[in-house]
Amino acid sequence: MSLYSKRGVSAQKEEVHAAVKNLDQGLFPHAFCKVYPDFLGGDDAFVNIMHADGAGTKSILAYLYWKETVDISIWKGIAQDAIVMNLDDLLCVGIYDNIVFNSTIDRNKNLITGEVLEQIITGSQELFDTLKTVGVNIHYLGGETADVGDVVRTAAVNGTMTCRWPKDKIISNDKIKAGDVIVGFASYGQATYETEYNSGIGSNGLTSARHDVLSKFYAENFKESYNTGLDEEVVYIGKHRLTDTVQLTTHDSPLTTTIGKLILSPTRTFAPVMKPLLVNHFEKIHGLIHCSGGGQTKCMKYLPGNFRIIKDNLFDAPEIFNIIQQNSGSNNKEMYEVFNMGCRLEIYCAAADAQLMIDAANGFGIAAQVIGRVEASDKKELVIMVKGEEIRY
């Protein structure tokens, strides 16, 4: 078993998919989110989407960081994680505006104070205010905050987004075809709408990142931060404290940061880039994939047929993933299956349209490039090339 499995988590969530396999798959089975008829309005020209996601175990890292540094503002990033994990999934079916959001916060009241809740809630509204300036309107309709200390050790921050959208403006992924190229948008760096360097970690694989990178100090001092039923050999096996400094080079400029800042970088949203692309170039976008759970293998769940996906020009993995791999000893196959590895959004399009997509991202300070292509095949398969190593899934 991999370290990831031994910790009670799964990159592919096989059991979850088995549990829901008999549910209605919606109007567009290959779309990134389930799309249903317009139950809310009763109009055949519209569809309804309701999507739920959250910050996952990243909230435990925020708890540890807060306890160690007394910086309570770190919780605003967790609010962003919960929102963006929903929003960027919706982007992948073409939705970018007039969305309603409802939050769910479960907490252990003895550990998570009212001040923490205030940071999460005000952080949510601040992100919505920022997105509004680029024409992405999300309406905050409240939510549920539950004191459930018997259920959660620290806090779980989640949310649900709902939208009513024109049926003819849905990206269903059905247009993906052999000959398409894949344009990748980087998850790391500093976009024009971000206030500091983003490590690119996103909100997936944080159980591994936490235990692989951080030291036994956290097991000894924060028993509430992990499942004490786990084998000690997989609990906080790294060598770092959250306050350890890291030297990075970004755009030829040195940057001093910390392990905590890297591992808690708020998930970047691509909404400011994708809105103008979806408004002005909808027909040129054949498919969209958010490389979240499942990392670089995520695309395999949404292909409309048997294709060979070849990714042979991915970005060099940013430093946070090198730190995780150095601590865990995980091989490249597992790393690219668990983490986005620096590329969190994929656009499938004709080769002739790739530069248009790249220029759109570059205009917001986001690195972008053609990372691969789609080939005809008699089965679904994925080939990733990493520094001369061929990885097959």
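How many strands form the open sheet in which the pairing is mixed and the order begins 9-11-6? Seven strands form this sheet, in the order 9-11-6-12-10-13-14. The structure is a predicted model, in which local features need pLDDT of at least 70 and side-chain atom pairs count only at pLDDT 80 or more, while totals for chains, interfaces and linings use all residues. Residues are numbered from 1 along each chain as its sequence is written, and side-chain values use heavy atoms, with hydrogens and water left out.

**The seven-strand sheet**

- Strand 9 (287–290) and strand 14 (389–392) stand at the edges with a single partner strand each, so one side of each is left without a neighbour in the sheet.
- From one strand to the next, the twist averages 20 degrees.
- Strand 6 (residues 181–186) pairs with strand 11 (residues 343–349) in the antiparallel sense over six bridges; two strands pair if DSSP finds at least two bridges between them.
- Ala-186 stands opposite Cys-343 in strand 11.
- Strands (E, at least two residues) and helices (H or I, at least four residues) are DSSP runs, numbered from the N terminus.

**The five-strand sheet**

- A further open sheet has five strands in the order 1-2-5-3-4, with mixed pairing.
- Its edges are strand 1 (36–37) and strand 4 (138–147), each with a single partner strand, so one side of each is left without a neighbour in the sheet.
- Strand 2 (residues 46–54) and strand 5 (residues 155–166) run antiparallel and are joined by nine bridges.
- Met-50 stands opposite Thr-162 in strand 5.

**Helix 4 and its packing**

- Helix 4 lies across strand 2, strand 3 (99–107), strand 4 and strand 5, and runs at about 145 degrees to strand 2; axes are lines fitted to C-alpha atoms, for helices over the stretch in contact, and angles run from 0 to 180 degrees between N-to-C directions.
- Helix 4 (residues 74–91) packs with helix 9 (residues 271–280) at an angle of about 20 degrees, and their axes are 11 Å apart.
- Helix 4 is therefore roughly parallel to helix 9, a term for angles under 35 degrees.
- Leu-87, Asp-88 and Leu-91 of helix 4 make the contact with Ala-271, Met-274 and Leu-278 of helix 9, where contact means heavy atoms within 4.5 Å.

**Glu-68**

- Glu-68 is placed in helix 3 (residues 58–69).
- The side chains of Glu-68 and Tyr-218 are joined by a polar contact of 2.5 Å (a pair of N or O atoms within 3.5 Å; within protein, one must be able to donate a hydrogen and the other to accept it, and residues adjacent in sequence count only if both atoms are side-chain atoms).

Key. Parallel < 35°, antiparallel > 145°, perpendicular 65-115°, else oblique.
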